[in-house]
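Trainee: I would like a close look at a single part of this model, with the aromatic residues as the topic. Please take it in one connected answer.

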Amino acid sequence: MMTRRITQLLIGLAMYGISLAMFIRAGLGLDPWDVFHQGVAGKIGWSIGTVVVVVSFLVLLLWIPLRQMPGFGTLANAVLVGVFADIGLALIPAFSHLGGQIGMLAGAVVLNGIASACYIGARLGPGARDGLMTGLARRTGWSVRLSRTLIEVAVLGVGWLLGGSVGVGTVVYALAIGPLVQLLLPLFTVPLKAPLAVPETVPAAP
């Protein structure tokens, strides 16, 4: 079971990075965090994959006051998504006509949904950004939805000011990714081994 979980995690993270590259090549807008990544990359001259990796580890520093502990999946996420984003950008051409852009955007959303279900379903630790959201909610008493909204509005605003791409793709992602992951997650969630039942002949502990 652990072999399946690790394999599913790695495949999911690779697909996530490729989907990021597809969003960029579609040229119709990115999700909030990637608007931020793209804006930073444009200002400092790094590849977007490098920015994704560096920001991931900086976000993990914010886990310390939130008393969050990263798992193997958290660290793998921090490295591999950025690596595969750069690989995808090297392989996937940009589209100059609207039909190709729309097709690329649709494919990016679907692939991102599958990738998210894969790495979340592997149950090996949340991504740095997801952990920040849930940790903030736990420490402040805010709802997860409110925590996510506040974080994503902040990074979207900063990313847009830095020159990141905001557009119809940003809206499509926001509306589609939640329902898509909810639909796919049961298919990819790895069941954890249930504890053995206590035999009836063994007396219960006092």
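Trainee: Is tyrosine 119 buried or exposed, and what surrounds this topic in the rest of the model?

Mentor: The model is predicted, and tyrosine 119 counts as buried in it, because its relative accessibility is 8%, under the 20% cut-off. Its ring pairs with that of tyrosine 16 in an edge-to-face arrangement, with 6.0 Å from centre to centre and 75 degrees between the planes. Tyrosine 16 belongs to helix H1 (residues 2–26) and tyrosine 119 to helix H5 (residues 98–121), so the pair ties together parts that are 103 residues apart in sequence. Tyrosine 16 is also buried, at a relative accessible area of 16%.

This pair is one of 3 aromatic pairs found in a search of the whole structure. Another joins phenylalanine 23 and tyrosine 173; it is edge-to-face because the planes stand at 75 degrees, with the ring centres 5.7 Å apart. Here phenylalanine 23 sits in helix H1 and tyrosine 173 in helix H8 (residues 168–188), 150 residues apart. Both of these residues are buried.

A further ring, that of tryptophan 33, has arginine 129 over its face, at 5.2 Å from the ring centre. Trp33 is also among the residues of H2 that make the contact with H7, including Pro32 and Phe36; on the H7 side they include Ile151, Leu156 and Trp160. The axes of helix H2 (residues 32–44) and helix H7 (residues 144–161) come within 7 Å and cross at roughly 30 degrees, which means that H2 is roughly parallel to H7. The crossing of H2 and H7 is left-handed.

How values were computed: Residues numbered from 1 in each chain as written. Predicted model: local features only at pLDDT ≥ 70, side-chain atom pairs only at ≥ 80, totals over all residues. Heavy atoms only, no water. Phe/Tyr/Trp six-rings, centres within 6.5 Å; stacked < 30°, edge-to-face > 60°. Helix = DSSP H or I, 4+ residues; strand = E, 2+ residues; numbered from the N terminus. Buried < 20%, exposed > 50% of the residue type's maximum accessible area, 1.4 Å probe, protein only. Lys NZ or Arg CZ within 6 Å of the ring centre and 35° of its normal. Axes fitted to C-alpha atoms, helices over the stretch in contact; angles between N-to-C directions. Parallel < 35°, antiparallel > 145°, perpendicular 65-115°, else oblique. Left-handed = near helix turned anticlockwise from the far one by under 90°. Contact = heavy atoms within 4.5 Å.
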